[in-house]
Amino acid sequence: MANTNLIKNNYKIDIIKFRYLFLAFTGILLIPCIAAIIYLMSTQANHAPLKLGIDFTGGTILQYSVDKKVATEDIGKIRTNIEAVGVKNPVIQTTTQAGIDNSDVKNLVSIRTTFLGDKESKDKANQITQALKKDFSNAELVQVNSVGPTLGSELLKNTLMALGLAFILMVIYISFRFQVEYGWIALLTLFQNAIFVVGFFAIKGIFFDTAVDSLFITAMLTVIGYSINDTIVVFDRIRENMRFLAKKHSSSEIINASINQTLARSINTSSTTLFTLFALYLFGGSTIKDFVLAIIVGVIVGTYSSIFTAGTILSIVKEKMAKKDAQ
Amino acid sequence: MKNKLILFWIIIAITVSSIFVLYKKPASLGLDLVGGSRLMLEAQTSKAVPNITPEIMDSLQYAIENRVNAMGVGETIVQRIGTKRLLIEIPNITDTAKAKEFIGQTAQLEFKRPAIAFDGSTTWESTGLTGKDLRKSLVGSAPTTGEWMVELEFNNEGAKKFSDLTKELQGKQMAIFFNGELQSAPRVNEQITGGRAQITGGEGGFEYTEAKQMVDLLNAGALPVGAEIIQEESVGPTLGQDSINKSKIAGLIGIGAVMIFMIAYYRVLGLVSCFALIIYAIINFAIFKLVPVTLTLTGIAGFILSIGMAIDANILIFERTKEELRMGRTLFTAINSGFDRAFTSIFDSNVSTVMTCLILYYFGASLVKGFALTLIIGVCLSMFSAITVTKNFMHLIFGSKELKYPQLFGLRKEEIQNAYVAKETKREKAKFGVLD
């Protein structure tokens, strides 16, 4: 009988046998993420789980390209010079990137201030440029982003709405295409993925002062779409196997086999996507690095959760349901 | 078999015409790639104008368009966003400060008459003669001093108002205000009926650029309400070019790595998917140019991500085909059921991606929209490339032959088993994986 092969021979990892172990491991991984999120929510004035960028708070970011690497002590000097022209509490960050040839933009200095678009601070940007040129004579202003404070809070509102809507639509779609419990479990894994990505950037925010912008939300939504992809592929296999094997095997056996059958696909797909993403991260435009990083983290945790979270929880739920039916 | 060949030539024809499109049509690149500024203006309410009506927005947009065009910097876009905002895109501009000043000025021209205020001092009061009554304005120079000045020509109504006003103010001063600032206050010697007037620059006169800017602003028309810049994104040309170069390199490396992996892991199947991927990329870029999609940095990221997803469809199919082969299906059946059974996965997962993209497109800011749009196009096209192109190629290559060399699929010979059992299975059942 070929059927028995389908179930028994293909186990690469026995997910179901060690399911509580995997869930515990996931839980442990989540702890630092949740801790960082709580830390930021309790210490920041706006109670956001992440350091928010100017897209959401309003403000101006001036980005300069400079020809040499900016040392830590230079940042202090730049700060003093900029504060001297009357800009309060500028946030100064530097990025260095390997370039292909000399004409590439390699070192970026970004200076974040309050919103400089209004009439009173018309010349501030020029003054900052002059102040920076004291130390870096060939500094070139390559990018300006300015967001008024009212627009900022509006963007934040829209963004949260988009995220919420995406979540709801996913659950509805999966509940409709599969079964309701699949929908809820998909939502749960989505939440888990979101916590991983947000937590990662919360930690990065605490230690490297990384602030998130609307591109980050784009990354989050992409990650949602992507990890739902992974989960759906696993669920699709479970659904198919359930249809034809449910009489001969328990749901846990079927789920275990399904995860194992899709394992090669899950890993290969993530690998190919990660190839392109890492290429973008290492060699792509310097201004979208964090955006790409967020997607990288999301793809990794998305694949992880489609293998280790979605199926395991489904098996627990199905077993509970089976017990209830038996009673 | 004949149908398969026809389909093959259709695919080739689409690809060739796409290549043609790629050569003929220029790509439209976003501001973050060519350099330029994007400004968001918000109409401000005031006591005089408590509500921003669509009519006000129309005239605001008209005035802003005129101004932006007067700058003469190439293809600019002025677009209405929501009920009270305008998005202005100006490519290739480096000096944004100047642009901002030029765009943001309300350009209110007003003629005022002297009046006595409550506290007894002299002030100016409105006369009803404003910039709206102008026909046009020019830069001129005073015949005696050679100083630059702004020449005004009123329309019929304006000429009548001006004539009445000068008659009334004979022997008195008349003031000309521009944006609330007193420009000059000449003494009116006699009634002026010709409908012409000049603004001189007061002490020291106008600089030429000053006069020119005022003329441009007056000709473009005054803004009906104040407008404030609430968002600005400017990218210098250096960074733009840098981003283009880097994206190209990243894209090539990314695609190259994917192809090497696919060939190493799936052998002949991988090779097929590489060709499908190349066709996918060509058609995709042709669609970008035809729609046209303005390529931004995030848009390129969306495209590169969609490559990952296009490959995912192939991987799903190949894994399924290999599994079928392992279970002992003949090659032809294995390929067909590989596609049939992978289809629901591909479909469901792509629908979910398209759904998130639609949300992004609807709610997102312009940068985000570019990403969502390229990803939607990519995902939809990948359904075509994975299912039609890859399947067609596989059928043409393998036909209904037996699989003699499982290594070609990255399978070991001993993995293939029970080929005999599969042949016994009824076709409909085999399709759903039921073996009895």
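Modeller: Let's start with pairing: two strands pair if DSSP finds at least two bridges between them. Helices and strands themselves are DSSP runs, numbered from the N terminus; a helix is H or I over at least four residues, and a strand is E over at least two. This is a predicted model, so local features need pLDDT of at least 70 and side-chain atom pairs count only at pLDDT 80 or more, while totals for chains, interfaces and linings use all residues. Residues are numbered from 1 along each chain as its sequence is written, and chains are lettered from A and ligands numbered from 1 in the order in which they are written.

Biologist: Okay, how many bridges join β6(B) to β7(B)?

Modeller: In general, strands of a sheet pair through backbone hydrogen bonds, either parallel or antiparallel. Here, β6(B) and β7(B) run antiparallel and are joined by 7 bridges. If you want one spot to look at, find Leu134(B), whose bridge partner in β7(B) is Phe154(B). The hairpin of these two strands has 6 residues between them, and there Gly146(B) takes a positive phi near 80°.

Biologist: And which strand does β7 of chain B pair with in the antiparallel sense over 5 bridges?

Modeller: That's β10(B), which pairs with β7(B), residues 148-154. Val150(B) has Ile199(B) as its bridge partner there. Put the pieces together and you get an open sheet of 3 strands in chain B, in the order β6-β7-β10, with antiparallel pairing. Its edge strands, β6 (134-141) and β10 (196-200) of chain B, each pair on one side only. From one strand to the next, the twist averages 25°.

Biologist: Which helix lies across β6 and β7 of chain B?

Modeller: First, how the angle works: axes are lines fitted to C-alpha atoms, for helices over the stretch in contact, and angles run from 0 to 180 degrees between N-to-C directions. Two residues are in contact if their C-beta atoms, placed from the backbone, lie within 7 Å. The helix you want is α6 of chain B, residues 208-220, which runs at about 170° to β6(B).

Biologist: What is the order of the open sheet of 8 strands?

Modeller: Try tracing it: β2(A)-β3(A)-β1(A)-β4(A)-β11(B)-β1(B)-β3(B)-β2(B), with antiparallel pairing. The edges are β2 (91-96) of chain A and β2 (77-81) of chain B, each pairing on one side only. Here the twist averages 20° from one strand to the next. β4(A) pairs with strand β11 of chain B, residues 226-235, over 5 bridges in the antiparallel sense. Look for Gln143(A), which stands opposite Val235(B). Further along, β1 (residues 36-44) and β3 (residues 85-91) of chain B are antiparallel over 7 bridges, with Leu41(B) opposite Leu86(B).

Biologist: How many residues does the contact take from chain A and from chain B?

Modeller: 61 residues come from chain A and 62 residues from chain B. On the side of chain A that touches chain B, the elements that each supply at least two residues are α1 (2-9), β4 (140-147), α6 (149-177), α8 (214-245), α9 (251-283) and α10 (289-326). We sort residues like this: Ala, Val, Leu, Ile, Met, Phe, Trp, Tyr, Cys and Pro count as nonpolar, Asp, Glu, Lys and Arg as charged, and the others, Gly among them, as polar. That side of chain A divides into 31 nonpolar, 25 polar and 5 charged.

Biologist: At roughly what angle do the axes of α6(A) and α8(A) cross?

Modeller: Roughly 0°, and the axes come within 11 Å. Angles under 35 degrees count as roughly parallel, over 145 as roughly antiparallel, 65 to 115 as roughly perpendicular and the rest as oblique. So α6(A) and α8(A) are roughly parallel to each other. Among the residues making the contact are Leu155(A) and Met170(A) of α6(A), and Ile217(A) and Ile228(A) of α8(A). The contact divides into 10 nonpolar, 2 polar and no charged residues.

Biologist: Last one: how many helices and strands are there in chain A?

Modeller: Chain A has 10 helices and 4 strands. Along its principal axes, its C-alpha trace spans about 80 × 40 × 30 Å.
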